[in-house]
Number of protein chains: 2
Amino acid sequence: MAKQIITSKRLLTESRLAKLFRGFSDRSRLSILLCIETEPKTVNEIVEATELSQPNVSNHLSCLRECGLVVATAQGKYNIYQLSDTGVRQILLCARELVGKTGADLDNCGNYQLPNI
Amino acid sequence: MAKQIITSKRLLTESRLAKLFRGFSDRSRLSILLCIETEPKTVNEIVEATELSQPNVSNHLSCLRECGLVVATAQGKYNIYQLSDTGVRQILLCARELVGKTGADLDNCGNYQLPNI
DNA sequence: CTATAATATCACCGTCGAATGATATGAGTA
DNA sequence: TACTCATATCATTCGACGGTGATATTATAG
């Protein structure tokens with residue numbers, strides 16, 4: 001019983017962690033996050049910077065917003081998006097550092113269909 | 001032209017980052033990573049700890065190995081798996097910290113079908 | 001009040017990839 | 001050598017999810 005509680009607590013944590021990483025793991029969402037990593041941007045600015053379609057960006061932004069990775073502030077008819085927390089930036093930093101070491105391995109892993117370059 | 005180079009370099013980085021996060025974003029793979037976060041484990045030990053099927057674990061392990069997130073050392077007929085780099089642990093730490101703040105948001109985001117708890 | 005720009009929403013479709021089951025490999029043991 | 005345990009491989013299936021196109025909403029401008 002105590003074990004059960006511990007277990008489901010572990011599963012809850014895992015579920016949240018997995019969801020968090022999902023936010024970063026999609027190429028489009030990652031582009032968006034990187035795009036507003038240093039400065040807030042309008043949806044249109046994000047669309048232009050990432051070269052994704054507007055509905056696509058909007059969809060992903062709403063997802064990222066719900067997940068708490070980004071926040072939006074309305075300014076007239078514009079919506080300015082930025083990273084919600086320095087923790088998000090922190091994860092991006094850690095990931096880049098790790099990629100610096102394991103980059104080649106990642107390229108060689110053929111399990112995902114990500115359009116390479 | 002210079003811009004082109006910069007662009008494709010950016011895309012390469014994004015591609016690698018996305019792949020890296022993919023490693024963490026699947027529930028099964030994340031379970032495996034967390035499972036060997038503190039100490040190396042045998043495949044069977046991982047299977048028992050995560051309650052995943054053996055082929056499933058093996059498939060994910062090979063993926064994680066190719067991506068450079070874990071390393072395996074053969075010991076007799078056993079294969080011992082552990083995290084490849086402290087950077088992997090670092091990312092898990094950062095993520096947990098962030099989840100501590102945005103946890104509730106993540107639960108509410110209905111975009112993924114991850115079996116909640 | 002109409003027009004237009006900025007963004008959001010939503011249903012649909014195609015595809016990727018996770019899980020499974022069967023089987024192969026390989027190492028130790030009797 | 002035969003047998004068993006530990007792990008890997010692989011083809012297949014099926015569901016989730018990312019992209020798109022059409023449309024709705026909201027806000028400013030004229």
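Q: Which element gives the largest share of the surface near DNA strand D?
A: That is α4(B), with six residues. This is a predicted model, in which local features need pLDDT of at least 70, side-chain atom pairs count only at pLDDT 80 or more, and totals for chains, interfaces and linings use all residues. Residues are numbered from 1 along each chain as its sequence is written, while chains are lettered from A and ligands numbered from 1 in the order in which they are written.

Q: How many residues surround DNA strand D, and which are the closest?
A: The strand is surrounded by 24 residues, and the closest are P55(A), G76(A), V43(B), N44(B) and P55(B). A residue is near a strand if its C-beta atom, placed from the backbone, lies within 6 Å of it.

Q: How do the residues of that surface divide by class?
A: Seven are nonpolar, 13 polar and four charged. Ala, Val, Leu, Ile, Met, Phe, Trp, Tyr, Cys and Pro count as nonpolar, Asp, Glu, Lys and Arg as charged, and the others, Gly among them, as polar.

Q: Turning to the protein chains, how many residues does the contact take from chain B and from chain A?
A: It takes 47 residues from chain B and 47 residues from chain A, with contact meaning C-beta atoms, placed from the backbone, within 7 Å.

Q: Which element gives the largest share of the chain B side?
A: On the side of chain B that touches chain A, α5(B) gives the largest share, 17 residues. Helices are DSSP runs (H or I, at least four residues), as are strands (E, at least two), numbered from the N terminus.

Q: And G110(A): buried or exposed?
A: G110(A) counts as exposed because it has 9 C-beta neighbours inside 10 Å; the cut-offs are 20 or more for buried, 12 or fewer for exposed, and partly exposed in between.

Methods. Two residues are in contact if their C-beta atoms, placed from the backbone, lie within 7 Å.
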